[in-house]
Amino acid sequence: MWVSHSTGRCDEVPRVLAAARGGGDRLLAAQIVDQGRIACISCATPEVHFGAEVLIQTLVTSICGSDVRTVFQPAAEPLQYPCPPGFSGHESVGLVIEPGGSSLKPGDLVLAVPGTGYTRAFAEYQAMPSSSLIALPSGANPSKWCWRSSLGL
Ligand SMILES: [Zn+2]
């Protein structure tokens with residue numbers, strides 16, 4: 001549960017997050033800004049290329065061991081800093097916001113298994129091809145399904 005440090009109340013969270021986003025269609029994301037350094041930033045919601053991508057709202061994400069290596073260890077191919085917002089998260093469950101012409105519907109719960117170039121699970125919203133999304137049964141537990149993604153289940 002989210003609780004304000006200043007008041008101990010959790011009902012201030014939406015206001016605090018809205019202020020951090022900066023209004024409009026801004027979102028919050030983690031961004032690798034340098035080797036070993038991550039910042040929480042406000043950035044634009046990704047544009048969806050209709051017919052090629054789906055926009056989802058990230059509900060649950062997890063940190064994979066490969067994410068830890070990406071942040072702290074020099075890569076074989078050096079990263080360009082700052083990295084894209086939300087990179088390198090690749091394990092998440094989300095809600096479909098904009099189906100982009102796919103057979104998915106707004107509100108569908110999906111397991112995201114993004115390919116290279118779409119690993120943005122450390123952001124509130126992500127755009128990726130529908131082929132990277134697996135529809136989950138309604139009522140599925142997002143946390144349990146996110147955890148299963150790293151096991152390939
Ligand atoms: Zn992983």
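**Exercise 1.** Where is Pro 82 found? Then work out which bonds to look at in that loop.

*Solution.* Keep in mind that this is a predicted model. Start by locating the residue: Pro 82 is in the loop between helix 2 (65-72) and strand 4. Next, check the bond leading into Pro 82: the peptide bond from Tyr 81 is cis, with omega near -10°. Now move along to Ser 88, which is also placed in the loop between helix 2 and strand 4. The peptide bond from Phe 87 to Ser 88 is cis as well, with omega near 15°.

**Exercise 2.** Sort out which residues of helix 3 are buried and which are exposed, then find what does the covering.

*Solution.* Helix 3 spans residues 142-149, and its buried residues include Trp 145, Cys 146 and Ser 149. These sit on the same side of helix 3 because they cover an arc of only 105° around the axis. Flip to the other side of helix 3 and you meet Ser 143 and Lys 144, which are exposed. Finally, look at the cover over the buried residues: strand 3 (54-61), strand 4 (92-98) and strand 5 (109-112) are included in it.

**Exercise 3.** Is Leu 95 buried, exposed or partly exposed, and which residues is Leu 95 in contact with, leaving aside its neighbours within four places in sequence?

*Solution.* First, place Leu 95: strand 4 holds this residue. Then count: 16 other C-beta atoms lie within 10 Å, so Leu 95 is partly exposed, since buried takes 20 or more and exposed 12 or fewer. With those sequence neighbours set aside, the contacts of Leu 95 are Ile 56, Gln 57, Leu 59, Gly 107 and Leu 109. One last distance: Ala 112 is 17 residues from Leu 95 in sequence and 9.9 Å away in space, C-alpha to C-alpha.

Terms used:
Residues are numbered from 1 along each chain as its sequence is written. This is a predicted model: local features need pLDDT of at least 70, side-chain atom pairs count only at pLDDT 80 or more; totals for chains, interfaces and linings use all residues. Helices (H or I, at least four residues) and strands (E, at least two) are DSSP runs, numbered from the N terminus. The arc is that of the directions from the helix axis to the C-beta atoms. Two residues are in contact if their C-beta atoms, placed from the backbone, lie within 7 Å.
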